[in-house]
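Q: I should like to learn how to read a strand and its surroundings in a protein model. Could you guide me through an example?

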Amino acid sequence: MDPAVLREDMVDGLEAPPKEVLDDEAVSVAMRDVPRHAFVPDPKTAYADREHEVRGTRVLAPSTVARLLEALSLEAGDKVLIVGVGVGYTAAVVAELVGDTNVHAIDIARPLVFEARENLDSAGYEGVLVDRRDGADGLPEYAPFDRILVEAGVVEPPRPLLEQLADDGRIVYPRGAQVQRLEALSKDGNREHFGVVSFDPLLLEGEQPGTVERNRMAREDREHAERRAHSRRGWEQNWIEWDDSIGHRSD
């Protein structure tokens with residue numbers, strides 16, 4: 001079937017009951033224009049409202065993308081940072097809304113950065129900047145941003161991202177660990193909530209796919225430090241006992 005027809009059907013489904021997750025007309029038009037099959041390997045299922053897995057990352061379902069962009073409340077010309085570019089689909093939809101040269105995207109996984117660049121170029125969004133960065137650090141060279149979208153779960157937005165928001169800026173992110181809620185936070189501290197979501201946690205350096213060892217969470221760090229401290233005390237104690245035994249034999 002013609003991909004354009006499939007896109008129309010996909011968006012119609014997001015606007016109509018029982019989903020009704022898409023109300024913003026501009027977002028609707030953008031999602032009708034972006035060739036999703038350029039980002040999802042299987043063209044037969046590219047327009048199904050479900051997640052896909054590519055290179056170890058989740059490609060968000062269209063309904064989830066719609067919810068994120070509704071919460072982001074984009075305006076034409078907004079300068080946008082996307083943390084967690086994935087395969088580039090969300091960045092492409094944002095580019096339709098604000099212009100591709102206004103979209104900056106980062107990801108900690110180098111293979112995904114290359115994948116997103118290729119996908120965006122082939123789909124006609126070569127003006128989107130995609131860089132390999134730790135998402136928690138943002139992209140300070142291009143700040144401030146009118147909108148920041150974090151496509152990963154966090155307890156609170158990392159401070160560098162908040163510092164990179166424009167004065168009237170807005171950051172959208174899944175808040176929480178076990179149970180997450182989509183939240184929008186304005187620079188002035190105003191918070192809005194948009195229902196329950198489920199995202200993978202924001203990765204730090206060393207946690208991305210292909211690394212030998214992932215970084216530990218804060219709780220694991222404490223436990224590791226305690227074990228190391230106990231081990232070190234035992235090591236020192238052994239030497240003390242050894243010294244004592246040497247002194248005892250030399251008497």
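Q: Is strand 4 (residues 103–107) largely enclosed or open, and why?
A: In this predicted model, burial is judged for each residue, with buried meaning under 20% relative accessible area. Five of the five residues of strand 4 are buried, so this strand is largely enclosed by the rest of the structure.

Q: Which way do the residues of strand 4 point?
A: In a regular strand, side chains alternate between the two faces of the sheet. Here, Val103, Ala105 and Asp107 point one way, while His104 and Ile106 point the other way. All of them are buried.

Q: In which sense do strand 3 and strand 4 pair?
A: Strand 3 (residues 80–83) pairs with strand 4 in the parallel sense, over four bridges. Across this pairing, Val83 stands opposite Ile106. Helix 4 (residues 89–98) joins the two strands in a right-handed β-α-β unit.

Q: What pairs with strand 4 besides strand 3?
A: Strand 5 (residues 129–132) and strand 4 also pair in the parallel sense, over four bridges. In this pairing, Ile106 stands opposite Asp131 of strand 5. From strand 4 the chain passes through helix 5 (residues 110–123) to strand 5, in a right-handed β-α-β crossover.

Q: How many helices and strands does the protein chain have, and what percentage of its residues is buried?
A: The chain has seven helices and nine strands. Of its 251 residues, 43% are buried.

Terms used. Residues numbered from 1 in each chain as written. Predicted model: local features only at pLDDT ≥ 70, side-chain atom pairs only at ≥ 80, totals over all residues. Heavy atoms only, no water. Buried < 20%, exposed > 50% of the residue type's maximum accessible area, 1.4 Å probe, protein only. Pairing = 2+ DSSP bridges. Right-handed = clockwise from strand over helix to strand, strands pointing away.
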